[in-house]
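Student: Got a minute to go through this structure with me? I'd like to talk about packing, voids and odd backbone spots.

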Amino acid sequence: MYPSTVELRAGALRLALRPDLGGAIAGLWHGATAVLRSTEAADLTAASVSGCYPLVPYSNRVGQRRFQWQGQEYRIAANFDGSPHALHGVARLRAWDVVSSSEAESELSYRHTPDADWPFAFDVHQRFALNDAGLTVSLAVTNRADQLQPVGLGWHPYFPKRPGARLAINVAERWDNDANDLATQVVSQAGIHGAVVDLDLDNCYAGWQGPALIADAQLALRLSSSLPYVVVYTPSTKPFYCVEPVSHVSNAIQMADPAAHGLRMLAPGATLEAWMQLDIATA
């Protein structure tokens, strides 16, 4: 039996994981202060209400739950209530195995067999490393299919919307969404700078440079990643906001040239890797 909860500690930081709920982070705390939207591991009910979950094998949306690949049309199952699209991949919906775990590090894995949610086989490993200064997470996705597979990845962190919350993110372009909530048009974007309460964003951004600075009255965070795109979501009616490192433009799989927008054409046996790092300090 694999444990359903894993807890890591380093200095003032505590990380709670739920391998059985999509390999998700249930919570991350600096002392008593929540760094991410945080729930004690035993109380978490689904990855969708966690602090962060992995996005594998695609980020954001697959429009109308269908795509063309290698001359064949694929349709995938609904996986998000109330949406005509498939969202955020399949790995967040499945139980992961605990490969290893120590006081400050843990590795999880998930093996996907083709099904209604995704038609290609893959393996994915997710590693967590906690130290006094912050958290590093990495993903490695290996194509186990006998053909090229479209692969993307990323993470979906949720940050609590506390007083004084601000963002400073250097980007070059913004993808605007159409009436169906799909990215369709790219425009210049000088950057994202301002109080979270004054922002109303739900977009993918290209040309991400340097760390995303995320700060409020209690914490000062630096989010960096090997991934070139970032999705920023600041819903006015929710007690959280999201800054998501991702490998490709939202719905890239339906674009004329998916590879030009970050989606990888992964050969059989090949692996796509990425990391994100969250440096944490008190304000």
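Tutor: Sure, we'll take the core, the pocket, a cavity and a few loops in turn. Keep in mind that this is a predicted model.

Student: Core first. Which residues touch the most other members of the largest nonpolar core?

Tutor: Leu167 and Ile169 do, in a core of 85 residues.

Student: And what does Ile169 contact beyond its sequence neighbours?

Tutor: Setting aside residues within four places in sequence, Ile169 contacts Gly191, Ile192, His193, Trp208, Ala212, Val230, Val232 and Val243. There is also a second, separate core of 7 residues. Leu21, Trp29, Ala34 and Ala41 are among them.

Student: Why might side chains like these group together at all?

Tutor: Nonpolar side chains in soluble globular proteins tend to be buried together.

Student: Switching to the pocket. How much space is in the largest pocket?

Tutor: About 300 Å³. The lining has 16 residues, and Phe80, His88, His156, Tyr158 and Tyr233 are the closest to the centre.

Student: Which strands supply at least two residues each of that lining?

Tutor: β15 (154–160), β23 (229–233) and β24 (240–246).

Student: What's the breakdown of the pocket lining by class?

Tutor: The pocket lining has 7 nonpolar, 4 polar and 5 charged residues.

Student: Now the closed voids. How many cavities of 30 Å³ or more are there?

Tutor: The structure has 4. The largest cavity holds about 80 Å³.

Student: What lines the largest cavity?

Tutor: The lining is Asn60, Arg61, Trp175, Asn177, Asp181, Leu182, Ala183, Asp202, Asn203, Cys204, Val231 and Ser250. β17 (173–177) and β20 each give two or more residues. The largest share, 3 residues, is from β20. By class, the cavity lining counts 5 nonpolar, 4 polar and 3 charged residues.

Student: Arg61 caught my eye in that list. Is Arg61 buried or exposed?

Tutor: Buried: Arg61 has a relative accessible area of 12%, and the cut-off for buried is under 20%. Arg61 sits in strand β6.

Student: What does the Arg61 side chain make a polar contact with?

Tutor: The side chain of Asn60, at 2.9 Å. Beyond four places in sequence, Arg61 contacts His85, Ala86, Leu87, Asp181, Leu182 and Asn251. Asp181 and Leu182 also line the largest cavity.

Student: OK, backbone. Where is there a cis peptide bond?

Tutor: From Val56 to Pro57, with omega near 5 degrees. Pro57 is in the loop between β5 (52–55) and β6 (61–62).

Student: Which residue in the loop between β6 and β7 should I check for phi?

Tutor: Arg65, in the loop between β6 and β7 (66–69). Phi of Arg65 is near 60 degrees, which is positive, and the residue is not a glycine. Arg65 is partly exposed, at 25% relative accessible area.

Student: And what about Gln70, what's its phi?

Tutor: About 55 degrees, positive again in a residue that is not a glycine. Gln70 lies in the loop between β7 and β8 (72–75). Gln70 counts as exposed, because its relative accessibility is 53% and the cut-off is over 50%.

Student: Last one, Leu201. Where is Leu201 found?

Tutor: In the loop between β19 (192–195) and β20 (202–206). Leu201 counts as buried, at 17% relative accessibility. Leaving out residues within four places in sequence, Leu201 contacts Ile192, Val232, Tyr233 and Thr234.

Terms used: Residues numbered from 1 in each chain as written. Predicted model: local features only at pLDDT ≥ 70, side-chain atom pairs only at ≥ 80, totals over all residues. Heavy atoms only, no water. Core = buried A, V, L, I, M, F, W, Y, C linked by side-chain atoms within 4.5 Å. Buried < 20%, exposed > 50% of the residue type's maximum accessible area, 1.4 Å probe, protein only. Contact = heavy atoms within 4.5 Å. 1 Å grid on protein atoms, 1.4 Å probe; cavity = no way out; pocket = protein on both sides within 12 Å on 5 of 7 lines; lining within 4 Å. Points joined across faces, edges and corners; volume = space filled by probe spheres on them. Helix = DSSP H or I, 4+ residues; strand = E, 2+ residues; numbered from the N terminus. Nonpolar A, V, L, I, M, F, W, Y, C, P; charged D, E, K, R; others polar. Polar contact = N/O pair within 3.5 Å; in protein donor to acceptor, adjacent residues only side chain to side chain.
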